Amino acid sequence: MELLDIIKPENKVFCKTEAMTDTCLSYCPGCGHGTAHNLAMEVVAEMGIIQDTIGVAPVGCSVLAYDFMNIDMTQAAHGRAPAVATAISRLWPEKYVFTYQGDGDLAAIGTAETIHACNRGENIVIIFVNNGIYGMTGGQMAPTTLKGMKSSTSPFGRQEEITGAPIKMTELVANLPGVYYATRQAVHTHKHARKAKKALKKAFENTRLHKGISFIEIVSNCNSGWKMTPTESNIWMEENMFAYYPLGDIKVNGKLK
Amino acid sequence: MSELKLMKGNEALAEATIRAGADAYFGYPITPQSEVIEYLMAEQPEKRTGMIVLQAESELAAINMVYGAASTGKKVMTSSSSPGMSLKLEGVSYLAGAELPSVIVNVARGGPGLGTIQPSQADYFQAVKGGGHGDYKLYVLAPASVQEMSDFVEDAFDIAFKYKAPVLILSDGLIGQMMEKVELRPQKARRTNEELIADEGTWACTGKTPDRERNIVTSLDLQSEKLEERVHRLYAKYAQMECEDLRYEMVNCEDAEYVMVAYGSSARIALKAMELAREKGLKVGLLRPITLFPFPKKQLFDLADQVKGFLSVELSTGQMVEDVRLSVEHKVPVEHFGRTGGIIHTPEEILEALEQKIINNGTVRHHKTREQSIL
């Protein structure tokens, strides 16, 4: 059979979602951001809400999320995305507003904005990609860097007696009444990605129902920052990150698990 | 219908914000401007016009809420006082970079640091020389009365949307706290979302419809050429502001031999000092910059051919005086007088300074300096 006989619309089983642009992703090969972007945008496209969705990009590796997501987006100052999203959601209550943030953005510099947006129960989705390191600035220690984990600002490994323990943001915010849904997911295998997509779908559904905060943590890898191959980083993530940041739902429909 | 009322400056500003058809106000309490958010909370503008008021967790959050609202083309304001304004400056720089129409109010108090809650004009540099990081300016309006606290709100929104840029109203604790009669402008209707999309749909984040490309609001340009292009675009706007939207007031300058330059609360006190001077037969005038940027550079340059000297009167140790000197280009002496730390100068103090620094000693010292340079 000729190749052109195979490439026909009726044989198509998968295509890129219209909610992603054709721009080549700028992420390192092996990084989970591309998958996380794609899953969120597939949900938006499948729900038919492209024209009702407004995204807020952070500062960090995913600062250029607006280059890849084919929706209206604004780019917030470092850590301030939940405040930016608060105003958009309040002024456009029928829109689906989400932030996409990394661990430095959400759990260090933007902790106050995160906590208070969650506490107010803003009707937004927070997508929190936790890879335990500052990727964009070149591999410095994050608030979520594991104990003993090496980074360029913890070259001998993170010492809890000096820098405190890695912060579990999802457990922290789940205790706030404004948070309706808090879950921790991963995207490094098909199985995990499918689960993460379900969680994202649930989150955007919650927005539709005006339920308040849906907080989706995605534990991901940073092979460049961790100085590993993509495969090694995924194995290391499963053995170490998942041990400290266990996957699964923490709060569902306003109830702690 | 316009309406005559007796109000505090801060309250008049708050009421004017509702009447200007603003969509939202985000703020954080700080003396001496807390009446703005207190008034708005008590007034419940959500019931009157649908305008939203929210007390943020910090000035930082408030300015970033402004950024979010402005990203969608909404008419939005925040206010604070000096220490809070310092916190907001990160967001102000982003607003300028991302070219977002917005109104920021600083009811200034004394600094540096926690300073005092008393009035001050020591935030002039912060207001007109950038304040936040990077190549940008703010259009700055300086109200000198409760009436102007009210009027300048709508004017500020008009400028913000004309240029797609943040606008600062630089007031101080004196104007914010004092009560005067004020003629309130009639209620303007808030734009509907359909009207907003018609006006701002080319750039604002209102949801990507199939008939257009996505709208992106950002201040990031990783390519240097792109950032330079953006900065040049900003500066073209600032040049246009200087041509089209400079505001100032001149009192008794036609025959003046000496001119005082003062804005905001200092202009009111300098006006009284001018009256005292005129009573003594001294030909003194007053130039009041109403916009601090754009600054009345040409007016000062031209006046310098007619007068013997200028006195810049400010509630600071001398900030605007630098711009007066730059404008006058050494044609005649320019001196500064001002109390600081929250102390408000009296008309008598100003007149005394004018006589000592400009009218009498000024010329003598100027002469001495010339002699010294010859020797």
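1. I'd start with helix α9 of chain A. Its buried residues pack against α2 (33-46), β3 (96-102), β4 (125-130), β7 (179-186) and β8 (213-219), all in chain A. Keep in mind that this is a predicted model. The buried set in α9(A) consists of A:Ala193, A:Ala196, A:Lys197, A:Ala199, A:Leu200, A:Ala203, A:Phe204, A:Asn206 and A:Thr207. Note that a lysine, A:Lys197, is in that set.

2. The geometry of that helix looks fine to me. α9(A) covers residues 190-208, 19 in number, and from first C-alpha to last it reaches 27 Å, close to the 27 Å expected at 1.5 Å a residue. Have a look just past its end, too: A:His210 takes a positive phi there, about 55°.

3. Now over to chain B as a whole. It has 14 helices and 15 strands, and 53% of its 375 residues count as buried. Its radius of gyration is 22 Å, which agrees with the value near 21 Å for a compact globule of 375 residues. The C-alpha trace spans about 75 × 50 × 40 Å along the principal axes. Taking contacts between residues at least 6 apart in sequence, 79% join residues at least 24 apart.

4. How is chain B divided into domains? The assignment gives domain 1 as 3-194 and domain 2 as 248-374. Their centres, taken over C-alpha atoms, are separated by 29 Å. Domain 1 puts 24 residues into the contact between them and domain 2 puts in 21. On the domain 1 side, the elements giving two or more residues are α6 (124-128), β6 (139-141), β7 (166-172) and α8 (173-177) of chain B. The largest share there, 4 residues, comes from α6(B). By type, this side of domain 1 divides into 16 nonpolar, 6 polar and 2 charged residues.

5. Last, the contact between the chains, with 32 residues from chain B and 29 from chain A. On the chain B side, two or more residues come from each of β2 (24-27), β3 (52-55), α4 (59-71), α5 (82-97) and β9 (216-217). Which element gives the largest share of that side? It's α4(B), with 8 residues. The chain B side is made up of 15 nonpolar, 11 polar and 6 charged residues.

6. One more thing about the two chains: there is strand pairing across them. Strand β2 of chain A (residues 72-75) runs parallel to β9(B), and 2 bridges join them. In one of these strands, β9(B), B:Ile216 is the bridge partner of A:Met73.

Conventions
Residues numbered from 1 in each chain as written. Chains lettered and ligands numbered in written order. Predicted model: local features only at pLDDT ≥ 70, side-chain atom pairs only at ≥ 80, totals over all residues. Rg over C-alpha atoms; globule rule 2.2 N^0.38 Å. Buried ≥ 20, exposed ≤ 12 C-beta atoms within 10 Å, placed from the backbone. Contact = placed C-beta atoms within 7 Å. Nonpolar A, V, L, I, M, F, W, Y, C, P; charged D, E, K, R; others polar. Pairing = 2+ DSSP bridges. Expected span 1.5 Å × (residues − 1). Domains from an automatic or database assignment.
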